Amino acid sequence: MSVAIDHVLEETRRFTPDDEFRKLANLKSFEEFERLYKQSLEDPDAFWGKFAKELHWFKRWKRVLNKDNAPFFKWFEGGTTNICYNCLDRHLSTWRKNKAAIIWEGEPYGERRMFTYLELHRLVCKFANALKNLGIKKGDRVAIYLPMIPELPIAMLACARIGATHNVVFGGFSANALIDRINDAQAKMVITADGGFRRGQVVDLKGAVDEALGKCPSVTNVIVVQRSHTPIKEWVRGRDIWWHEVMEHASDGCPAEELDAEHPLYILYTSGSTGKPKGILHTTGGYMVATYLTSKYVFDLRDEDTFWCTADIGWVTGHSYIIYGILANGATSVMYEGAPNYPTPDRFWQIVERYRVNVFYTAPTAIRAFARWGEGWPAKNDLSSLRLLGTVGEPINPEAWMWYHKNIGGGRCPIVDTWWQTETGQIMITTLPGAMSTKPGHAGLPFFGVKAAVVDEEGHEVGPDNSGLLVITEPWPAMLRTLYGDDERYKEFYWSKFSKHGWYFTGDGAYKDRDGYYMIIGRIDDVINVSGHRLGTMEIESALVSHPLVVEAAVVGFPHEIKGQGLCAFVSVPVGTVPAERDKDVLRDHVAKMIGAIAKPDQIHFTEALPKTRSGKIMRRLLRDIASGRDTTGDTTTLEDYSVLARLREERET
């Protein structure tokens, strides 16, 4: 994969923070960054140990990094701590106790709640006791299937407080997706709501849980938050209980459990190219230190800051940079329940103005949508409080970067473009705003302790401005520890490609320019990044084929103006069947039921057959070309039936 990058990827524009920003920044110069980065690689024990001491530990570690059983690394071995204690209790003896920890805005206008660190601590302790009263103990798994409401972080922090491992499932997923995730984790409890609001409609979360639990024997209790006040279709006596009822009599005194640094904090499922979601397991100590430090330096957090990450907590971005990293720093974190354009396309900018948000972190998908809606919407609101912008979830194209810089940042705000993954747990490549210049479309440089390289298939590092495979060559604190219950799959999926080097293979393509800045090209496997959500093609294909109209399906990505990548499905139907245009909507709805609305194909093309090699392998490369409207390129000598390709091209053009 070591090929020259087209000149269109070259970027000569550079943006340097002004003197006022630099003077107040946590990291003020590139020389300071270089000194710390060098130390982080040459003496990681001293580097990470120094910053870990800024947090609370019940017992100090014996060894910062244990590499004896690679790739099963351990961080802060022998140390004991509690991440909930560090997010809440640690601030209560300071002036921050009455500072806003979370500011929440619901989708319906006028619904707002604010929680100080003291109040959030009280509610977390009460819910932690409620969990214990229902038999949840250290080591149990708890599935959380909630909308973006305050009870979600309260539930997460309560689990962390008592040592239960939480498994947050995105509220847009269906009952079938819930079944897979609950059963794989063997969750003992589900925490959900009667419903959640999305673009003025109520999403029936309790109904999805009820549908799933017929196939989830491990679940003994369901706690239900009364959010939408819509009728509950099914209530199972002895299993289901209201949130407000379990909270009513629970004590607000609950000491934080002393937990080993390697105690499992959470499982978060991400799509894999094999179709079966992968249960990414993150532990406590290393993740806590890394999210604390990345939040502090990447977002240049200051005591007076109001920080807003617009991600859903159902994804890793919300875990690390709405809750754990931000609260560990004692900052104020904004949560918003609904859609960015409901009821008008300036809802985000209204929120920025209302709470005087200083640091704003969102996805390129959202930025492209904002640009499409027009610069008039942000111009209606006062965005002068913003001093730093960030992007996350997928590579950002330079045009969107420039629009963001001009229309949201007013030309004055540095933009930190961050590359990382569910698996990494923390930001890995970025720019540090007081110390570095930024380039549109370029993620930047590796963060402290992160040693990255761009290599070819044999593991040889490629030269500047050549694309290759992105690898991480040394362990980092917030790294996943395994795939839950499947150590062999963990080794095979992430460590086997470059096993002789001991490198973590990211699955992403990248190139490094002559300044050492990394530009991420995107996934090289069959996982498609749709609006920042990684979706496995096999999972979507399996959902399509489960419908009686479909014999075979192949799903590929194509460039999408708003989402970054869209989903295009090529579907073959039974012989003699003549599909109608309306059947495309039937199949889209079917995929939404099986997986969730985010997996609905943007395009569906019916075909008599799919292009295959003589050995029966679908030639997805050709389908990607067709979906993208490109001429098919490369070797087609192994194609079994050229007429299939011709018909698909013809159908695409009509």
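Here is a walk through this predicted model, from its overall form down to single residues.

Let's start with the whole protein. The C-alpha atoms fill a box of roughly 75 × 65 × 55 Å along the principal axes. How does the radius of gyration fit with that of a compact globule? For 654 residues, a compact globule would have a value near 26 Å, and the protein has 24 Å, so the two agree. Along the chain you can find 20 helices and 32 strands. The fold also brings distant parts of the sequence together: among contacts between residues at least 6 apart in sequence, 72% join residues at least 24 apart.

Now look at inside and outside. Of the 654 residues, 62% count as buried. The protein exposes about 24,800 Å², and carbon and sulfur atoms supply 49% of that area. Inside, the largest nonpolar core has 170 residues, and those with the most contacts within this core are Phe127, Ile191, Phe299 and Phe448. Apart from this core lies another one of 26 residues, including Ala100 and Phe360. To see how one core residue is surrounded, find Phe299: leaving out residues up to four places away in sequence, Phe299 touches Thr294, Phe307, Tyr321, Val359, Tyr361, Arg387, Leu388, Val416 and Ile427.

Next, the cysteines. A disulfide is a covalent bond between the sulfur atoms of two cysteines. How many disulfides does the model contain? The count comes to zero. Cys159 shows why such a bond is missing there: the closest cysteine sulfur, in Cys84, is 10 Å away, too far for a bond. Cys159 is buried, at 0% relative accessibility, and Cys568 is also buried, at 0%.

Cys568 leads us to a pair of strands, as it falls within the range of β31 (residues 564-572). This strand pairs with β30 (residues 552-560) in the antiparallel sense, over nine bridges. A hairpin of three residues joins β30 to β31, and His560 has Gly564 in β31 as its bridge partner. In a regular strand, side chains alternate between the two faces of the sheet.

Two other buried residues make good stops. Gly444 sits in the loop between β21 (429-430) and β22 (445-446), and its relative accessible area is 0%, so Gly444 counts as buried. What does Gly444 touch, beyond residues up to four places away in sequence? Its contacts are Ile429, Thr430, Thr431, Gly516, Tyr517 and Tyr518. Tyr518 is 74 residues from Gly444 along the chain, yet their C-alpha atoms are separated by 5.2 Å. Asn407, by contrast, is placed in helix α15 (residues 398-408). Asn407 is buried too, at 16% relative accessibility, and, neighbours within four places aside, is in contact with Glu375, Pro378 and Leu383.

Finally, some details of the backbone. Most residues other than glycine have a negative phi, and most peptide bonds are trans. Against that background, a cis peptide bond joins Ala70 and Pro71, with omega about 5 degrees; Pro71 lies in the loop between β1 (63-66) and β2 (74-77). Another cis peptide bond joins Tyr342 and Pro343, with omega about 0 degrees, and Pro343 is in the loop between β17 (332-336) and α12 (347-355). Gln186 has a positive phi, near 50 degrees, and lies in the loop between α7 (175-185) and β8 (189-193). Arg199 also has a positive phi near 50 degrees, in the loop between β9 (196-198) and β10 (201-203). Gln186 is partly exposed, at 43%, and Arg199 is partly exposed, at 42%.

Definitions and conventions:
Residues are numbered from 1 along each chain as its sequence is written. This is a predicted model: local features need pLDDT of at least 70, side-chain atom pairs count only at pLDDT 80 or more; totals for chains, interfaces and linings use all residues. Side-chain values use heavy atoms; hydrogens and water are left out. A nonpolar core is a set of buried Ala, Val, Leu, Ile, Met, Phe, Trp, Tyr and Cys residues joined through side-chain atoms within 4.5 Å. Buried means under 20% relative accessible area, exposed over 50%, partly exposed in between (1.4 Å probe, protein chains only). Contact means heavy atoms within 4.5 Å. A disulfide is a pair of cysteine sulfur atoms within 2.5 Å. Helices (H or I, at least four residues) and strands (E, at least two) are DSSP runs, numbered from the N terminus. The radius of gyration is taken over C-alpha atoms; the globule rule is 2.2 Å times the number of residues to the power 0.38. Accessible areas come from the Shrake-Rupley method with a 1.4 Å probe; for residues, only the protein chains shown count as cover. Two strands pair if DSSP finds at least two bridges between them.
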